[in-house]
Amino acid sequence: MKKLVTLLCCVVLAASAASASAAGVNLAWSRCYGERSGTVNRTFACNTNVGSHVAVGSFVAPAGVTALSGNEVVIDLQSSSATLPAWWGLRGTGQCRGTGTPALSVNFLANASDGVCVDEFAGGAAGGIGAYTVGYAGNPARARLTMAIATASPGPVDADVEYFAFNMVINNTRTVGTGACAGCLTPVSMVLNSILLTQPFGVGNFMLSQGNAPSSSYITWQGGRVYESGCLADTPTRNSTWGSVKSLYR
């Protein structure tokens with residue numbers, strides 16, 4: 001019997017945070033959750049080094065976000081094995097698929113055909129992967145993404161509207177052949193732990209860290225299993241500036 005994986009995700013509210021009944025975070029493969037054309041599970045034969053898989057994050061904001069300037073995202077990954085397989089060493093020194101061109105990247109370009117999810121920043125956001133840590137709290141890996149727009153351009157977002165946040169891209173490099181990394185077929189689960197909606201200093205941030213709908217904040221790989229209970233959250237609650245974001249990705 002496969003070991004059941006537990007990824008723990010809880011609601012953590014920043015001091016300046018507020019909540020609304022429809023507010024929350026969403027994650028889906030290939031398309032924004034609200035488009036209803038993405039999938040919860042991704043199956044891959046692990047037989048090629050070509051191609052990629054895109055996890056799309058989105059959010060529904062609570063009322064009161066008047067000057068959104070960026071997002072800080074935390075995503076947790078956990079496998080059904082005792083340790084995270086080498087294939088999921090996606091980025092960073094010493095990781096099997098992290099050297100050369102890393103297997104993990106991120107972009108902030110919404111699908112042009114989206115009819116439900118709104119790109120608040122209209123393609124004008126910039127940022128990247130602040131960290132990808134393997135072995136966080138034992139088995140899981142944790143990805144931290146940060147993005148922002150120029151501080152002169154923050155604007156309000158509507159409550160109960162789903163907004164596109166990011167595309168997290170996992171490519172198939174070093175899956176087969178010489179130098180291949182083991183563990184592609186191992187079931188893995190991913191939880192969009194939180195998105196911190198940042199606003200200019202003094203306005204206040206909003207923390208979102210539970211699904212907008214039941215089970216909407218996680219996706220699976222090769223049939224992984226997820227139970228959303230307990231708490232695994234360590235998200236910073238700080239105001240971000242455009243300058244600090246740019247300094248991470250020069």
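A residue is called buried when its relative accessible area is under 20%, exposed when that area is over 50%, and partly exposed in between. This distinction is applied below to a predicted model, in which buried residues make up 48% of the 250 residues of the chain. The accessible surface of the chain comes to about 10,500 Å², and carbon and sulfur atoms contribute 54% of that area.

Confidence varies along the chain. The average pLDDT is 84, and 80% of the residues score at least 70. Two stretches should be read with this score in mind. Over residues 1-21 the pLDDT stays under 50, and the model has 59 contacts beyond four places in sequence for that stretch. Residues 228-250 likewise stay under 50, with 62 contacts beyond four places in sequence.

The secondary structure consists of 11 strands and 1 helix. Read from the N terminus, the strands come one after another and the helix follows them at the end of the series. Contacts across the sequence are prominent in the count: among contacts with a separation of 6 or more, 83% involve residues 24 or more positions apart.

One part of this arrangement is an open sheet of 4 strands, in the order 1-3-8-5, with antiparallel pairing. Its edges are formed by strand 1 (24-29) and strand 5 (104-107), each of which pairs on one side only. From one strand to the next, the twist averages 20 degrees. In general, the strands of a sheet pair through backbone hydrogen bonds, in either a parallel or an antiparallel manner. Here, strand 1 runs antiparallel to strand 3 (residues 52-60), and 6 bridges join the two. Within this pairing, Ala28 has Val56 of strand 3 as its bridge partner.

The chain also contains 3 disulfides. One of them joins Cys32 to Cys117, with an S to S distance of 1.9 Å. Cys32 lies in the loop between strand 1 and strand 2 (41-42), whereas Cys117 lies in the loop between strand 5 and strand 6 (126-134); the pair therefore ties together parts that are 85 residues apart in sequence. The torsion about this S-S bond is about -80 degrees, so the disulfide is left-handed. Cys32 has a relative accessible area of 2% and is therefore buried. Cys117 is buried as well, because its relative accessible area is 7%.

Cys46 and Cys184 form another disulfide, with their sulfur atoms 2.0 Å apart. This pair links distant parts of the chain, 138 residues apart: Cys46 is in the loop between strand 2 and strand 3, and Cys184 is in the loop between strand 8 (162-171) and strand 9 (188-198). The torsion about the S-S bond of Cys46 and Cys184 is about -80 degrees, so this disulfide is left-handed. Both of these cysteines are buried.

The remaining pair to consider is Cys96 and Cys181, joined by a disulfide with an S to S distance of 2.0 Å. Because Cys96 lies in the loop between strand 4 (70-79) and strand 5, and Cys181 in the loop between strand 8 and strand 9, the pair ties together parts that are 85 residues apart in sequence. With a torsion of about -90 degrees about the S-S bond, the disulfide of Cys96 and Cys181 is left-handed. The opening definition bears on these two cysteines. Cys96 has a relative accessibility of 29% and therefore counts as partly exposed, whereas Cys181 is buried at 4%.

Methods: Residues numbered from 1 in each chain as written. Predicted model: local features only at pLDDT ≥ 70, side-chain atom pairs only at ≥ 80, totals over all residues. Heavy atoms only, no water. Buried < 20%, exposed > 50% of the residue type's maximum accessible area, 1.4 Å probe, protein only. Contact = heavy atoms within 4.5 Å. Areas by Shrake-Rupley, 256 points an atom, 1.4 Å probe, with all protein chains shown as cover. Pairing = 2+ DSSP bridges. Axes fitted to C-alpha atoms, helices over the stretch in contact; angles between N-to-C directions. pLDDT = per-residue confidence, 0-100. Disulfide = S-S within 2.5 Å.
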